[in-house]
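Reader: I'm new to reading protein models. Could you walk me through this one?

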Amino acid sequence: MAKDAGTKNILLRLDPELAERLQTVAEVEGRSVSDVAREAIASLVDQRRGDQRFSRLLEENLARHERSLRRLREDD
């Protein structure tokens, strides 16, 4: 089977009970576990995009990384 250039494989470790629940949802809906997981992840990412706390944390991380980058450049 050819690898789809538009996707990326990841390894996801789940608690066995959560994995079983995920499998149940997929079976009931007649979908693959991967499809259900992709939908859940996309939903979480969309939710975070509108979350002010998350945006603040993202800004703080960006500022910290920018400071680190400036320090690294100053050492040259």
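Reader: How are α1 and α2 oriented: roughly parallel, roughly antiparallel, oblique or roughly perpendicular to each other?
Author: Keep in mind that this is a predicted model. Helix α1 covers residues 16-29 and helix α2 covers residues 33-49, and their axes are 8 Å apart at an angle of about 110 degrees. Angles of 65 to 115 degrees count as roughly perpendicular. So α1 and α2 are roughly perpendicular to each other.

Reader: Which residues in α2 does α1 meet?
Author: On the α1 side, look at Leu22, Gln23, Val25, Ala26 and Glu29. By class, this contact has six nonpolar, one polar and one charged residues. Their partners in α2 are Val33, Val36 and Ala37.

Reader: What gives the most to the lining of the largest pocket?
Author: That pocket has a volume of about 440 Å³. It is lined by 14 residues, and the closest to its centre are Lys8, Ile10, Ser34, Ala37 and Arg38. The lining divides into eight nonpolar, three polar and three charged residues. With six residues, the top contributor is α2.

Reader: Why are arginine 38 and aspartate 35 separated by about one helical turn, and how many salt bridges does the whole structure have?
Author: Side chains of opposite charge can pair when their charged atoms come close. Arginine 38 and aspartate 35 meet this way in a salt bridge, at 3.9 Å from N to O. They sit about one helical turn apart because they are three residues apart in helix α2. As for the whole structure, a search finds this many salt bridges: seven.

How values were computed: Residues numbered from 1 in each chain as written. Predicted model: local features only at pLDDT ≥ 70, side-chain atom pairs only at ≥ 80, totals over all residues. Heavy atoms only, no water. Axes fitted to C-alpha atoms, helices over the stretch in contact; angles between N-to-C directions. Helix = DSSP H or I, 4+ residues; strand = E, 2+ residues; numbered from the N terminus. Parallel < 35°, antiparallel > 145°, perpendicular 65-115°, else oblique. Contact = heavy atoms within 4.5 Å. Nonpolar A, V, L, I, M, F, W, Y, C, P; charged D, E, K, R; others polar. 1 Å grid on protein atoms, 1.4 Å probe; cavity = no way out; pocket = protein on both sides within 12 Å on 5 of 7 lines; lining within 4 Å. Points joined across faces, edges and corners; volume = space filled by probe spheres on them. Salt bridge = Lys/Arg side-chain N within 4 Å of Asp/Glu carboxyl O.
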